[in-house]
Amino acid sequence: MRYAQGGGLTDAERAVRERLRLQAVERFEGGQKNAKIAAALRISVRSVERWRRAWREGGEAGVLSKGSPGRPRLSDAQIARLERELERGPLAHGWTDQRWTLARIKTLIGRLFHVSYTVEGTWRLLKRHGWSWQQPTRRAIERDDAAVEVWKKETWPRVRAPRWSAGPGSSSRTRPGSR
């Protein structure tokens, strides 16, 4: 099933769809034709064909919902362990500095749980569990505000690229210096 906005079925919609499948199973067992079942349940014949094939191969269990395809791959216990490991810091896991990047967290999840996430999936997982991106709470200790101001006033004007002169020009795109 495809969805225009990339959504999917909610749990309630999935339950309704599963009830339809079970009604179709009752009709399969009664020997009804696909077209008649589709018309009675107001669904496509193609769906009925697919459900009948699943019913033949796996019985009633074959047509039951498999659940949300986007369900989390980590359990609550694994999420709790991941949070403890993140709190230990990157140095404890072999990185040379104290920055947690999404790529590093993705690697850590793979090492700990043997589960593969994308970088975007890692961000969604962290966001869903209340984590946010890091932002320094204060400026670096080494920062010298007076030196920064001197640099802005004296050095920057010398190294900044000069503006183009406001001399005569041309509106012609092929001969810009003709006038």
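**Exercise 1. The two faces of α1**

Find the exposed residues on the face of helix α1 that is turned away from its buried side.

*Solution.* Begin with the outward face: Ala 12, Glu 26 and Glu 29 are the exposed residues there. Exposed means over 50% relative accessible area, buried under 20%, and partly exposed in between (1.4 Å probe, protein chains only). The model is predicted, so local features need pLDDT of at least 70 and side-chain atom pairs pLDDT 80 or more, while totals for chains, interfaces and linings use all residues. Residues are numbered from 1 along each chain as its sequence is written, and side-chain values use heavy atoms, without hydrogens or water.

Now turn to the other face. Arg 14, Arg 17, Leu 20, Arg 21, Ala 24, Val 25 and Phe 28 are the buried residues of α1. They lie on the same side of α1 because they cover an arc of only 150° around the axis, taken from the directions of the C-beta atoms. An α-helix has 3.6 residues a turn, so residues three or four places apart point the same way.

Finally, look for the partners: the buried residues of α1 pack against α2 (34-41), α3 (45-58) and α4 (60-63).

**Exercise 2. Checking the length of α1**

Work out whether the span of α1 agrees or disagrees with its residue count.

*Solution.* Helix α1 runs over residues 11-29, which is 19 residues. Helices are DSSP runs (H or I) of at least four residues, and the expected span is 1.5 Å times one less than the number of residues. For α1 this gives 27 Å, and its end C-alpha atoms are 27 Å apart, so the two agree. Past the helix comes Gly 31, with a positive phi near 85°.

**Exercise 3. Where α2 meets α3**

Describe how α2 and α3 cross and which residues meet.

*Solution.* Take the geometry first: the two axes come within 8 Å and cross at roughly 115°. Next, list the residues: Asn 34, Ala 35, Ile 37 and Ala 38 of α2 meet Val 45, Val 48, Glu 49 and Arg 52 of α3. By class, this contact holds five nonpolar, one polar and two charged residues.

**Exercise 4. Two loop residues**

Are His 93 and Leu 91 buried or partly exposed?

*Solution.* Place them first: His 93 is in the loop between α5 (76-88) and α6 (102-113), and Leu 91 is in the loop between α5 and α6 as well. His 93 has 15% relative accessibility and therefore counts as buried. Leu 91, at 45%, counts as partly exposed. Leaving aside neighbours within four places in sequence, His 93 is in contact (heavy atoms within 4.5 Å) with Glu 85, Arg 88, Trp 100, Leu 108 and Arg 111. With the same neighbours left aside, Leu 91 touches Thr 96, Asp 97 and Gln 98.

Conventions
Helix = DSSP H or I, 4+ residues; strand = E, 2+ residues; numbered from the N terminus. Axes fitted to C-alpha atoms, helices over the stretch in contact; angles between N-to-C directions. Nonpolar A, V, L, I, M, F, W, Y, C, P; charged D, E, K, R; others polar.
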